[in-house]
Structure formats: C-alpha cells, structure tokens
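Let's take a walk through this structure together. Keep the view open beside the text and look up each spot as it comes along.

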Amino acid sequence: MFFERHGGGERAILLHLDSQDPAAREDPHEFQELARSAGADVVGFVNIGRYQPTAKFLIGSGKVEELRDLVKLDEAELVIVNHTLTPSQERNLERELECRVLDRTGLILDIFAQRARTHEGKLQVELAQLEHMSTRLVRGWTHLERQKGGIGLRGPGETQLETDRRLLRVRIRQIKQRLEKVRSQREQARRGRRRADIPLISLVGYTNAGKSTLFNTLTEANVYAANQLFATLDPTLRRLQLDDVGSVVLADTVGFIRHLPHKLVESFRATLEESSNADLLLHVIDAHEPERDEQVEQVLAVLEEIGARHIPMLEIYNKTDLLEGIGPRIQRNTDGRPVRVWISARDGMGLDLLRQAIAELLSEDLFSGILCLSQRFARLRAQLFSAGAVRKESHDEQGDSLLEIRLPRIELEKLLSREGLQSDEFLEQNTLQ
C-alpha cells in the first residue's frame, strides 16, 4: 500500500473504554461482535474505565505498559480499540505496543471491505478507506527526505510522503467521478419508476435487525443473510405485488450502527439515497435486543443526516419468536393508521399483517366502489379484470355489468384516460352507492 506499518494478523486483543460520557459510550458486546464479524481471533479483552482520554495514547501510560505486556504474553498481532483514534494516537500506540493498532472506524471499514460484492460497493468502500487513510500516512519511512539534486534531478522535488498524498488525491477524485455516474444512473432509474407510478419501499434499521431475512421472505429473493453485523452491504431491489396497490419496489439497504463513521455516510450517499427517495420506510427493529431503544435513536439520527427523516415510516418489530407472550399484531394510532407491526421474518409469522399494513399506508388514496358498465365499456371491463381490481361481478336488469372494484385512484384514472374518458365525470355518472 502507500505506507509501512506492522504486519497483518488475526490474533487480536480488544481494548474497550468504559467512558462516563454518555455521548461517547460504546457497547462492549457490540464491539466483540464487530471484531468477530471482521474475522478476528480474539485472545484478550481489556476494559478500561476512564472519564477523560489522554491526547497521546487515549489511555494512561501505565495502562499502555500493561497492554504491551499482555500483547507479548498472548502473542497478539493486532490491538483493536473501541474508540475513534487520532492519527497520532494510533501511531504512538503502535510504536509502544509494537503491533498493529486499529480503531473502531478502521474496524468497520474492514468489515465493509469484506462484504462489498458489487463494483459500486467496492468503489464506495475504497473511497471511505482512502479518505480515512489520507490522514494516517506518516509512518516509519526511511526515504522521506527530498529528492537529491544532480543532472536532471535539480529542483525542489517532493518527499515520498507528498507523492503518496498526491496519488491518494488523484485516486479519490477518480472514484468520486465514477460514483457520480452511479448516482446519475440511480436517479434516472428513480425517474422511470416515478413516471410509472411504482412506489419505492426501503428497508432501514440497525445492523443485524433482520432486514435481509425479511427481504428474502417477502420477495423470495436469495440475498445473503446471516446472524452477523453488516451481512448486507450492497443494496438490492426487487418487485413485490401487494393487494390493492399492485407492483411496488422493495429495497434492502446497508444497516446502521451507533457512531457510524461520517466518511462512510458520505461515501455511501449514492446507496443511502434509495432510502431518502423512498415513498415509505420500513424501520426493522430487533424486538429481542435489550438496547433496542438506543438502536432506534441511532437509526433516526442517520436518517436525519441523509435527509430521510420526513418520509412516512412503519416500524417493524422483528424476532418476536424470541419473545414470550408476544404474537404477530398491528398497532395503530388514534386515527386508525398502522404505525407498528410485530412479526418474525425467520418463521414467516405476521407477514400477512405486514402486507396489509403496507397496503393501507400506500393506498390512502384508494378507489373502492361499484361501477356500472354498459356493453360499450367491454374493453374497460376487461382491463379492470386484467389489473386484478375486480372483487365481485353481477348484472342488473338491463344486462349492464356491476363491478365491485378496489384499486389506487391513480391506476383507475390511467385506465379511464386510455379509453378517452374524463375520470371525474365518468365516476360521477357510473358509480353506484
């Protein structure tokens, strides 16, 4: 790569700071899950209580000596810190511990690098890694002096460090240009869906809440789903048929996490725009998680950052199979509008209620009534049947068709427009009470 540092390795010691500051506090259990998701062989866990981190090492010098002895004793090759380190803190710790040091941001970036499958996902991860790396180029170089003079070599020259920084800037600019093309392609696809009036539903939620399992169950897709953090990285879109609504597009997106590195939010903005441009957000929540309220707050904070907080949202409390006495149900507000659905995506329990709640939220402008169609509207009758809008058909004494229909008003207006009919006038004359 662009700089020298201690060799790699998977034997890791985890260093967790039990901070007294609620804003900086991290979950030690989540930290261990992150390390395992990255493939680390955890050989030790160190929990240090400290209210005020130090500028040089983050922890006190005495704790650094204890950690160095532990690294040698366990033959660890890597120390992972559950905190964001400054470049100088990371460098100072590596010098003292004589092994690689990785902070929380670097750990999450590494997991993202392992999970990326599509070309776009790999570009986004590389961009975040390079921007993170650009502040950490100072290492133990032995050739940082400026180029020596001589025939053909005279001039100010540049240090190797300056060369590396320049190469990084060039690569970052290239990736941003490619991602801008991806963003324009996604916007073009969204415009196509808007023209076709196809609603977009986006799954959002904390990592490992069960979004991909729910996505696979609803759409019969085969997206990778596992009980690990950040199992899904690349967004996946599938069509889904809903009663009373018709065809919708369901998007499975990357999970969120507390203190999600800002560089990742910026790098994945093209992907996260699937959520910020959705017609409805399905906020999947792990109902069995003890800290689910804190996780909900973190998800809402990220949605605020990407400009998606204003979009209508339905809360999906998943994993009810792990709870006693909790069954599938829909919770409604005082207006009767669905606000929360309790399900188990793994067992498929409550999915019919979820479909019903989604349809209700997307079909608030729904036409439901009985149309009286004479023989001259035979083609319109056939189109209504083809659209799956007819619930029941009967005939009156004159032989006219009495169709009990139910479909989005915008779809009905399209059908009437194709027949050259004015929707308001036609419905007023042909709808029975």
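E419 is partly exposed, because its relative accessible area is 23%, a value between the 20% that marks the limit for buried and the 50% that marks the limit for exposed. This is a predicted model, so keep that in mind as you look around. The side chain of E419 meets that of R379 in a salt bridge, at 3.2 Å from N to O. E419 sits in the loop between α13 (409–418) and α14 (423–430), while R379 belongs to helix α12 (residues 378–386), so the pair ties together parts that are 40 residues apart in sequence. R379 itself counts as exposed, at 57% relative accessibility.

That salt bridge has company: the structure holds 13 of them. Another one joins E126 and R171, whose closest N and O atoms are 2.8 Å apart. Here the link is between distant parts of the chain, with E126 in helix α5 (residues 119–133) and R171 in helix α6 (residues 160–195), 45 residues apart. Both ends are partly exposed: E126 has 24% relative accessibility, and R171 has a relative accessible area of 23%.

Now find D321 and R346, whose side chains meet in a salt bridge of 2.5 Å, N to O. D321 is in the loop between β9 (313–318) and β10 (329–332), and R346 is in the loop between β11 (338–342) and α11 (351–362), so this pair ties together parts 25 residues apart in sequence. D321 is partly exposed at 25% relative accessibility, whereas R346 is exposed, with a relative accessible area of 61%. Add D347, and you have a network of salt bridges linking D321, R346 and D347.

Next, turn to the strands. Which residues of β3 (residues 78–81) are buried on its two faces? L78 and I80 are buried on one side, and V79 and V81 on the other, so both faces are covered. In a regular strand, side chains alternate between the two faces of the sheet. β3 pairs with β1 in the parallel sense over 4 bridges, and L15 stands opposite V81 there. β3 also pairs with β4 (residues 100–102), again in the parallel sense, over 3 bridges; in this pairing L78 stands opposite R100.

Strand β7 (residues 246–252) is largely enclosed by the rest of the structure, because 6 of its 7 residues are buried. β7 pairs with β5 (residues 200–205) in the parallel sense over 4 bridges, with L203 opposite D252. β6 (residues 236–242) runs antiparallel to β7, and 7 bridges join them; L237 has A251 as its bridge partner.

Back to the loops for a small oddity. Most residues other than glycine have a negative phi. E75, in the loop between α2 (61–74) and β3, has a positive phi near 55 degrees. E98, in the loop between α3 (87–97) and β4, also goes positive, at about 60 degrees. E75 is exposed, with a relative accessible area of 60%, and E98 counts as exposed at 55%.

E75 turns up once more at the surface: E10, D41, E75, E77 and D110 gather in a patch of negative charge. E10 lies in the segment before β1 (11–18) and is partly exposed, at 47% relative accessibility.

Conventions:
Residues are numbered from 1 along each chain as its sequence is written. This is a predicted model: local features need pLDDT of at least 70, side-chain atom pairs count only at pLDDT 80 or more; totals for chains, interfaces and linings use all residues. Side-chain values use heavy atoms; hydrogens and water are left out. Patches are made of residues with over 30% relative accessible area and no salt bridge: like charges are joined within 9 Å, nonpolar side chains (Val, Leu, Ile, Met, Phe, Trp, Tyr) within 5 Å. Accessible areas come from the Shrake-Rupley method with a 1.4 Å probe; for residues, only the protein chains shown count as cover. A salt bridge is a side-chain nitrogen of Lys or Arg within 4 Å of a carboxyl oxygen of Asp or Glu. Lys and Arg count as positive and Asp and Glu as negative; His and the chain ends are not counted. The place of a charge is taken as NZ of Lys, CZ of Arg, CG of Asp or CD of Glu. Buried means under 20% relative accessible area, exposed over 50%, partly exposed in between (1.4 Å probe, protein chains only). Two strands pair if DSSP finds at least two bridges between them.
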